[in-house]
Amino acid sequence: MKKRVLGTLLGAAMAATVLVGCGSDNASKDSSSKTATSGSEKKGNSSDGSGKIGISMPTQSLERWNRDGAYLDDQFKKAGYETVLTFSDNDSGKQVNDIQNMLADGVDLLIVAAIDGEALNTAMNEAADAKVPVISYDRLIKNDAVSYYVSFDNYTVGKLQGEFIVDKLDLKNAGDKKYNMEITAGDPADNNAPYFYQGAIDVLQEYIDAGTLKIVSGQKDFDAVATDQWNTDTALERAQNVLSSYYADGTQLDVWLCSNDSTALGVAQAITSDYAGSNSVLITGQDGDEANLKNIVDGIQTMTVYKNVSNEAVVTLALAQDIIAGKTVDASFVDSVDIECAYDTESYETSDGNKCPSFLLVPNVITKDNLQDLVDTGLYKMGDDGYLSANN
Ligand code: BGC
């Protein structure tokens, strides 16, 4: 959506550090130049597009991963690579098999968006043994075999949701006014989910403490509001339970903080069918799924945090090319791509406590008022009815 405008403060702060992958615990102390693989001899051998890339996506049942899979597959193919693309039906056992099959098939590099990061340790260790570099895509796999992490700034996604609520309800000037809120978070197996949740809570906590925002159900902790597999029906059922238990007496609900669009869809359905009040409830989301964009046009959902996953695929391709070419990958990488992203060597680490070098793209708030920004990306078109649909 946006041109790259700056390397970000974080990127600049980390500029002196050369890292070689999440497992390279001593790399930040070592100033000598390193190449970009996690193994000592990388398997791929050129950036000219010769090589086979394994792309393992979690599921086709959540809209965005279809796009990620298609963009990655398309961009790698256009760059001349052979690709193997799998979707694992949100079944982590199947994802392990899919990755093992890719390794048996001789892939030169793996791109993995994990269903359950923990469940992939065996497959990751096998990738390390085979000296196949791994890019952890969007969701961090906390295993030292991972070379790099490419994602959006997940904490900022939640922060944007929290800040939107503060602005929209004008909480800073709320005085004695009180608002009722509920929360729906993401899948506990997804490393991103607590980041989204915490980003929002850190913004909203002072208003919760002051009593300006009240969580009527009392269900606030991540575990109490999490949604297995980000499933829309699961979010719907919990929302219906909350509404019938705490709002059936006419208590007004003002806000439902939802971590993403698939959960927001379930919550919006529950509000439409089961909420007794007549006010419009502020609902947040993330991704820009078509059904949610329609809900935004119709005033059923208030905002979404949009993440341009085409750009995420572009950054991933550029990174993979450098890894395969054996180039040094460090903060200077962000200058080589025309997409705003930060090089962050502090925020994410593996289960063994090693920092994972990450490239984090920038998310944007989308509301009814700036839907045109999505059209301007070239990835969506607006129909005569005002609804957006993806251009693919
Ligand atoms: C992604 C979100 C997505 C969610 C469910 C997360 O890991 O970052 O964009 O909404 O998974 O698919």
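Author: A polar contact is a pair of N or O atoms within 3.5 Å. The model discussed here is predicted.

Reader: How many Å separate a polar side-chain atom of Trp65 from an oxygen atom of the ligand?

Author: The separation is 2.8 Å, from a polar side-chain atom of Trp65 to a ligand oxygen. Asn260 places a side-chain N or O atom 2.8 Å from an oxygen atom of the ligand, and for Asn192 the corresponding distance from a polar side-chain atom is 3.0 Å. The ligand on its own exposes 310 Å², of which the protein buries 100%.

Reader: Where does the ligand sit?

Author: The ligand occupies the largest cavity.

Reader: Which residues around the ligand come nearest?

Author: The shell has 13 residues, and those that come nearest are Asp138, Arg139, Asp190, Asn260 and Asp287. By character, the shell comprises six charged, four nonpolar and three polar residues.

Reader: Which helices and strands each supply at least two residues of that shell?

Author: Two helices, α2 (63-78) and α6 (192-209), and the strand β10 (286-287) each contribute at least two shell residues.

Reader: Why does the ligand lie between domain 1 and domain 2?

Author: The ligand lies between them because both domain 1 (26-153 + 309-362) and domain 2 (154-306) give residues to the shell around it.

Notes
Residues are numbered from 1 along each chain as its sequence is written. This is a predicted model: local features need pLDDT of at least 70, side-chain atom pairs count only at pLDDT 80 or more; totals for chains, interfaces and linings use all residues. Side-chain values use heavy atoms; hydrogens and water are left out. A residue is near a molecule or strand if one of its heavy atoms lies within 4 Å of it. A polar contact is a pair of N or O atoms within 3.5 Å; within protein, one must be able to donate a hydrogen and the other to accept it, and residues adjacent in sequence count only if both atoms are side-chain atoms. Accessible areas come from the Shrake-Rupley method with a 1.4 Å probe; for residues, only the protein chains shown count as cover. On a 1 Å grid over the protein atoms alone, a cavity is a set of points where a 1.4 Å probe fits but cannot get out, and a pocket is an open set with protein on both sides within 12 Å along at least five of seven lines; lining residues have an atom within 4 Å of a point. A molecule sits in a cavity or pocket if more than half of its atoms lie within 2 Å of its grid points. Helices (H or I, at least four residues) and strands (E, at least two) are DSSP runs, numbered from the N terminus. Ala, Val, Leu, Ile, Met, Phe, Trp, Tyr, Cys and Pro count as nonpolar, Asp, Glu, Lys and Arg as charged, and the others, Gly among them, as polar. Domain bounds come from an automatic or database domain assignment.
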